[in-house]
Amino acid sequence: MKLIKRSYYCLGILLLLFIICLSSFRFIWSGIFDNHLQADIESGELNLQSWQFSDRETLVLDGEWDFYPSMFLIDGEEKSDVSPETIILPNGWNRLLNSSTGYGTYRLKIRVSPDPDKEYSLYVPSIRSSSEIYVNGRRLSTSGEVATTQEQYVAKNLPQSVFFTSDEDGLIDIVIHVANYKNLRNWDSGIIRAIRFGTRQAVTNEVQFSIYIQITMIVLLLLHSIYTLILYFIRDRNKQLLYFSLLTFLFTIIFLLTSKDKLLHQLIYIDSDWTMRLLFTLCLITGYVFLQCTDHRKPRIWNKLFPYYRWSVFVLAFLPLIISTAQVIFILPAYLLIGSIPFIIALLAVARTYHQSAEQNLFLVLSFVASIHHVIWANLWRARGMYLPYYPFDLLIALICFVTVWFKQYADMHKETKMLAINLERINQEKDQFLANTAHEFRNPLNSILLLSKAVLEREKATLSVQSINEIHTILDVGRRMNLLLTDLLEAKQLQHGKLKLDKQVIALEPIVIGVIDLLQFSSNVKELQIINQISKEFPAVYADENRVTQILFNLVKNAIQYTDQGLIVISASVEKEIAEIHVTNTGHRISPEMKERLFLPYQQGDFSELGGGFGLGLSIAKQLVELHGGTIRVTSEEQNKTTFTFTLALASAHPDIKLPNEKPSVSYEIGKPEQVESPSLNNNQLPAILVVDDNLTSLSTLQAILSPDKYKVVFVSNADQALKKLKQEEWDIVISDVMMPKVSGYQLTRKIRERYSLTDLPILLLTSGNLDVEACFTAGANDYVTNPVEPSELKARLDSLITLKRVAQQQIQLETSWLQAQIQPHFLFNTLNSIKALSEFNIEEMRKMLDQLGIFLRSKFQFHQMKTLIPLEEELNTVRSYLYIEQVRFQDLLEVKWELEEHDEIVVPFLSIQPLVENAVLHGIRQREGKGTVTIRLVKDLIHSKATITVEDDGVGIEETRLANLLKGPFESQSGVGLLNVEQRLIQCYGKGLTIISLPGQGTSVSFEIDLSKNE
């Protein structure tokens, strides 16, 4: 209770400060703009000859004017036989005429300093209810038609501004004719608002500033009306938003009708009768709408009375449109009573809502207080006759506070919705992770069941009975069905996270359809369904991922089988504008329109879900896979229980840069080209050593059954720590690791292994249940991965491929090492040095020349950084010349060299590509026979085909056919084999073609290779 009292005490202080602030703003506004000077008017005259006119100040012409009752001074001259009455403005004439109806003339003479160039202005805001303004005998403005009789009189009351100058004597004679024949309960008639006088600039600035403020207020009100209306239609259709939009719009209309400068009347004039009627109607409706913007129906008593109040509002709001103005004024108390009810009820509703939640509804209280403050001060200023530019801030603050309540509610709602969305997203992720983990845990034992069942069937097929074989086949079939369900779960998660990538190729649809039908043939036979393929072999190829298209068709056909009891399932296709449309039609149950809306959503099943099973993911996955291909999927269901699923794929012909299957690639054959180097056998020296890491004993048993001990040396461990210890103790050809393991996952284990071993030093194969993040797999350092349940043949193929890759890399390193060693031939150096020593005794000049050639030869031999670069042909030939010069010095006439070279200035070749061939011809060709031998180095260019052929020939012993066939194949047995094999591999890397060797025993050998001259550009 004390807390409640304290809360209201704080509220009282806050409201007091709020009212003080609002009032302070009012005083500041009046202090700034209340620059009207009170004129000293006596007996209809005002002397301003000594007054200094300013463009920032105006005079209020309140005081004693001359008034001529029931008389018009048409010519502006005073009549000698009539004495004017004195009337104090801005009071009406009712006291003098004893009636609000009649006519008369107001007159005021102002004397100013004579100045014919100085312009003055009058602003007359309101005269009831027709008038004419004359200055110095000249009519400057009219509003309506003044007349002495009601028949000739036309009512019209609009603000009037007139501009004029004084006469040569400085006299300004103002005459205003006024007539009124409308009796509205004796309301004051005549001039009822203060008239302002000043320079033209001063009056114009003052009037325009007030009008601009009012227009700004109107624009703000309309903006609030528009955006709240938009919020109503785009959000949850909250009726309070609609009522608030209507409230601001109605208030805008009322504001236009009642504004002091009568903005609406200046555009569309509405006479006073209809203005009053409209105001009565609009005010009642506005009060009702304002009430609907609050939670006013909580009290039981008011909730019962509210229907009567509503009907009263509608009746009274309609009455002014059909009855006379006098009758409306007669029932004015009823309007005041009904019109005050909304504010009383709204005040109680605001107090109650504040009591329930002070923090939530504080701004509502402030809005209500600001509105009341505006009404009180507006009436006070009007009662005092103060004329100031329109003051908008009370209503603006009230409007802002009221709108803040809405914004706060929507902000709180948005916050709650956001938190709810975050929680739902978290729960959804937890659900997906739970399903993925469940699928993983189920898939490992399921994989073991399938593999072990298949192994038993293959091993014991000869001894099992027919019944046992059929039962094992049933186990395999059920296992495959379960595997498909788990695959759907894992595929759904991958698609959700956008991790699924497509491998698009040019594929034919007909073989895929046949494969899908074969897979589902057993299910269709059980239901006695007939699946018909109407896609021919001639149907155009499509550009898509073959595996994913198979999955799409599989899901659609499986769905058709599930919801079709008997009849046909037809698979057909058509072409529409470079797009293939594939149709799967069944004669099953009709799909309702409601089900069509959610048919492709995850975890949704058809109207006859009791007929099927599964998780309801098949169609959702099919839709996402089709959209991933850039296609669409739709379903049509007819009355005759005929349903068709149609999805689209792009034709391969729509991609001109893709080679279609019927295009035969050009193939060139080369006589004498050696065969490709074969991968080294896995059983060259010892069995491949495989380390398997998996915490699931069932999975370990399954892998043990697949990996035969007579082909592989397999060691099994159950965690990453044991695996790391084994890696330190022994050497392994490959590591197989499960991805999901406790403490240290397969990813983490892979990273730890990669800290020591490269991709080729120790390949790693990851096992996954299908929810593998491929990017994370390869980023961690894995070479490859397989998905459970694995096919034994696939697992073995991947193992053999990775092990072969490792051994090829090891052989390549050994080959490079041997080649480098082959460049340093001790016998050649010793023999050369002995030759140099011998020459030193009798031919010093020849010795020096031989030393120079040896230096050139050695420098070229040891420039290993150029192994993978192209060098000028002349540089390579210099090395050859140095080598041949040394050999000719040693063997004299026993070695003859022939050079048959065409122009070769701009030709480049791989480093040490010719010298090893020449060296091989000398050492293993000529020197292996007796007598003289010849080596020929030939260069022939073919400019038409942009190529050149380099040939090294010798007339040595030649090569036997059996040795020739294996000369360019590993393993190597001599330094000659190393040199030729290295040159062969580097030529293939550079030009795509290697060496061509032609040899006949006893007749010599020709080794040649082609150079791509385009490499020179």
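Modeller: Two strands pair if DSSP finds at least two bridges between them. Strands (E, at least two residues) and helices (H or I, at least four) are DSSP runs, numbered from the N terminus. This is a predicted model: local features need pLDDT of at least 70, side-chain atom pairs count only at pLDDT 80 or more, and totals for chains, interfaces and linings use all residues. Residues are numbered from 1 along each chain as its sequence is written, and side-chain values use heavy atoms, with hydrogens and water left out.

Colleague: How many helices and strands does the secondary structure of the protein come to?

Modeller: Both kinds of element occur along the chain; α20, for instance, is the helix of residues 746-754 and holds R751. For the protein, the count comes to 28 helices and 33 strands.

Colleague: What percentage of the 1017 residues count as buried?

Modeller: Buried means under 20% relative accessible area, exposed over 50%, and partly exposed in between (1.4 Å probe, protein chains only). The protein exposes about 53500 Å², with carbon and sulfur atoms supplying 56% of it; such areas come from the Shrake-Rupley method with a 1.4 Å probe. Of the 1017 residues, the buried part is 46%.

Colleague: Which strands stand at the edges of the sheet, each with a single partner strand?

Modeller: The sheet in question is open and has five strands in the order β28-β30-β31-β33-β32, with mixed pairing. An edge strand has a single partner, so one side of it is left without a neighbour in the sheet; this holds for β28 (895-901) and β32 (996-1000).

Colleague: How many degrees does the twist average from one strand to the next?

Modeller: Axes are lines fitted to C-alpha atoms, for helices over the stretch in contact, and angles run from 0 to 180 degrees between N-to-C directions. From strand to strand in this sheet, the average twist is 10 degrees.

Colleague: Which helix lies across β28, β30 and β31?

Modeller: Contact means heavy atoms within 4.5 Å. The helix spans residues 873-891 and runs at about 160 degrees to β28; its name is α25.

Colleague: Where in the turn between β32 and β33 is there a positive phi?

Modeller: Strands of a sheet pair through backbone hydrogen bonds, either parallel or antiparallel. Here β32 and β33 run antiparallel and are joined by five bridges, with T996 opposite S1008 of β33. The two strands form a hairpin with three residues between them, and the positive phi, about 85 degrees, belongs to G1002.

Colleague: How many of the nine residues of β33 are buried?

Modeller: Strand β33 (residues 1004-1012) also pairs with β31 (residues 947-954), in the antiparallel sense over eight bridges. One bridge of β33 sets T1005 against D954. The strand is mostly covered, and its buried residues number seven.

Colleague: Which residues of strand β20 point to one face and are buried?

Modeller: Strand β20 (residues 633-637) has side chains that alternate. It is joined antiparallel to β21 (residues 643-650) by five bridges, and F647 in β21 is the bridge partner of I633. R634 and T636 point to one face and are not buried, while the other face takes the buried I633, V635 and S637.

Colleague: Which helix supplies the largest share of the largest nonpolar core?

Modeller: A nonpolar core is a set of buried Ala, Val, Leu, Ile, Met, Phe, Trp, Tyr and Cys residues joined through side-chain atoms within 4.5 Å. The largest one has 71 residues, and F18, M217, F244, L284, L291 and Y309 touch the most other members. Its largest share, 11 residues, comes from residues 393-460, which form helix α11.

Colleague: Why is the pair of W29 and F393 edge-to-face?

Modeller: Rings of Phe, Tyr and Trp (its six-membered ring) pair if their centres lie within 6.5 Å; planes under 30 degrees apart count as stacked, over 60 as edge-to-face, and the rest as tilted. The whole structure holds 24 aromatic pairs. The ring centres of W29 and F393 are 5.6 Å apart, and the pair is edge-to-face because its planes stand at 75 degrees.

Colleague: How many residues apart in sequence are the parts that this pair ties together?

Modeller: W29 belongs to helix α1 (residues 2-33) and F393 to helix α11, so the pair joins parts whose separation in sequence is 364 residues. W29 counts as buried because its relative accessibility is 8%. F393 is partly exposed at 37%. The separation asked for is thus 364 residues.
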